[in-house]
Amino acid sequence: MCGIVGYTGGRKASEIIYEGLKRLEYRGYDSAGIATLSGGEIFVGKKQGRVGVLESLIGGLDGNTGVGHTRWATHGKPSDVNAHPHCAGKFAVVHNGIIENFAQLKERFFCGVEFSSQTDSEIIVRLLNEFYDGDLLSALKCVADVLQGSYALAVICADFNGLAVLKKNSPAIIGYGKDGNFVASDCPALAGECSEITILEDGDIAVVSQDCVRIYDGDLKPAERGRIKNLATPASLELGDCPHYMLKEIYEVPASVERTCAGYFTVEKKVSEVLRGIDRIIIVGCGTAYNSGLVAKRYIESFARMPAEAEIAGEFRYKNPVITPTTAVIAISQSGETADTVEAAKLALSLGAKVIAVTNAPYSALTRCADAVVPVGAGPEICVAATKSYTGQITALYLLAKTLAGVSAQASFEKLSVMPKLCIQTIENIDVSTLADMCARSDGAYFLGRDIDYAVALEGSLKLKEISYVPSEGYPAGELKHGTLALIDIRAVAVVIITDERLAGKCENAVEQVLSRKGKAVVITNVGGLEKTFEGRAEVIKIPKCDMYLSPLLSAIAVQLVAYRTALLLDRDPDKPRNLAKSVTVE
Ligand code: AGP
């Protein structure tokens, strides 16, 4: 989603905002822009492209107050005119979210007026200018009263040396710096600048100057929101020696597993309290988080023998879900801000379910609404493709399922404690170059597996298509012969994950079916003897042996590395795949 940053204080605003935007680029990289205020005048620099396009513009943007934006386009194509900030009269505005009633508002207030951009956001600045009669706060309130949808807005006004902020259904934080104050979408933007932050709540309006921050609720009553520590540090966001964040974050998988285990001990009691009396589990998430939910479903059914369903969060909301007082919903989200997942969790709560959040983001919208939070110890994940957060989620969900089965974290930890070492061995020893080369040359890649391996196959497929743009699908291995086999020919690659001895024979059949149709097949496995079976016919990538249920922690590393290497062979940027953003805060 888009990222916003604002600063008012003693230094050159455009330089500080530019640095903040670079740290928020994972939220969108279609265009970038900054507006500053100097001598009662607003100056704007904006351009299509990544945040770097602003480097040559910031010199010309004077002033100690300003707002900036990095855009993930929803309404209106990526272009210079659609780039934020949008301006009208005395105002410049940056927006993260979607104004759902912008067409109606335009018709009502600006009938016949030609707008400069095709965005839904321009209506906001036009309305501010329309409603403003010298009283900034009441103009902001009037705008908030008519907008529908989601927004985090940072505003500068030529009459006020400071920032105004409005927030509803999109994240916004206030940061307290040494020589000024900030607003941002997320903590990393303020790393190194602010050690303390305030998280705004829906409906809040904030007026921020160099020495003072005033926060009001939706009725303009002063609101106390409290300050918390900003956990993002410059060191945690640095690339170090790695060429890409994706690779760096795959290297951090072992630490993610380890930290997630440690974190679970602190919440085990609370989780078991919330799960008391529960007899059915629904797991919700999007993309990778949904895929880890599929693994969790297997854990819960196997360990606790309790019915569990995994649902795509955006679908769950509109299917009139069956919830009883003894249903618990596990909402999984790396960012904790994914709109579909947060809204699914809120719906479940409103229907009487207990909600447990599994997330990396301790102060996110998801954690604020949940009955209990299971922390994922992955740390900040910058690459758009999820890697260490997936394996962290799997670890957390394994422990959670064990709690549901009445097994203590201490007892579960015995099996988990060897996994970081096995993750390191996997990263260091496997060679995915042949498979990556096959994928890069293929017309399509098919990830196959059974049971838990099928869940990882879905994740492997998502990862490959997301960052290399190679068309890819994930299938249960047994389903191949029911349709997908028609797509297999000399230009197709099948990646077959086999970590379950019981099902190895059945999965071997799928490999044979691919080979007999002249497709290429590669097996990712820790089952013995398969090299011999497929010698000279199919490549075999060996991962270490481990507990059957924990194999996703290792097979996931293999498919993540395949996607990464394929993206490099095809000259794609693995960290910033086209059309995507890391945290999708709109529906
Ligand atoms: C994963 O590689 C994707 N970038 C995407 O599917 C992601 O997992 C999804 O958007 C959910 O995000 P969340 O975990 O922050 O809720």
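Helices here are DSSP runs of H or I with at least four residues, strands are E runs of at least two, and both are numbered from the N terminus. A helix's expected span is 1.5 Å times one less than its number of residues.

This is a predicted model, where local features need pLDDT of at least 70, side-chain atom pairs count only at pLDDT 80 or more, and totals for chains, interfaces and linings use all residues. Residues are numbered from 1 along each chain as its sequence is written, and side-chain values use heavy atoms, with hydrogens and water left out.

**View 1. Helix α8, end to end.** Helix α8 takes in residues 287–304, which is 18 residues. From first C-alpha to last it reaches 25 Å, close to the 26 Å expected at 1.5 Å a residue. Buried means under 20% relative accessible area, exposed over 50% and partly exposed in between, using a 1.4 Å probe and protein chains only. On that scale 13 of the 18 residues of α8 are buried, so the helix is largely enclosed by the rest of the structure. Just after α8 comes Arg305, with a positive phi near 50°.

**View 2. The ligand and its neighbours.** There are 14 residues around the ligand, counting a residue as near if one of its heavy atoms lies within 4 Å. Ser333, Gln334, Ser335, Thr338 and Glu466 come nearest. Look at the ligand's oxygen atoms: one is 2.4 Å from a side-chain N or O atom of Thr338, and one is 2.7 Å from a side-chain N or O atom of Ser335. Thr288 joins in through its backbone, with an N or O atom 3.1 Å from a ligand oxygen. The protein covers 90% of the 410 Å² of accessible area that the ligand has on its own, going by the Shrake-Rupley method with a 1.4 Å probe.

**View 3. Strands β7, β8 and β12.** Two strands pair if DSSP finds at least two bridges between them. Strands β7 (residues 149–157) and β8 (residues 160–168) are antiparallel and share five bridges, with a two-residue hairpin joining them. Leu153 has Leu166 in β8 as its bridge partner. Strand β8 also runs antiparallel to β12 (residues 205–208), with four bridges between them; here Ala164 sits opposite Val207.

**View 4. Cysteines without a disulfide.** Searching the whole structure for disulfides, meaning pairs of cysteine sulfur atoms within 2.5 Å, turns up zero. For Cys423, the nearest cysteine sulfur belongs to Cys546 and is 8.6 Å away. Cys423 is buried at 0% relative accessibility, whereas Cys111 is exposed at 57%.

Terms used
Polar contact = N/O pair within 3.5 Å; in protein donor to acceptor, adjacent residues only side chain to side chain.
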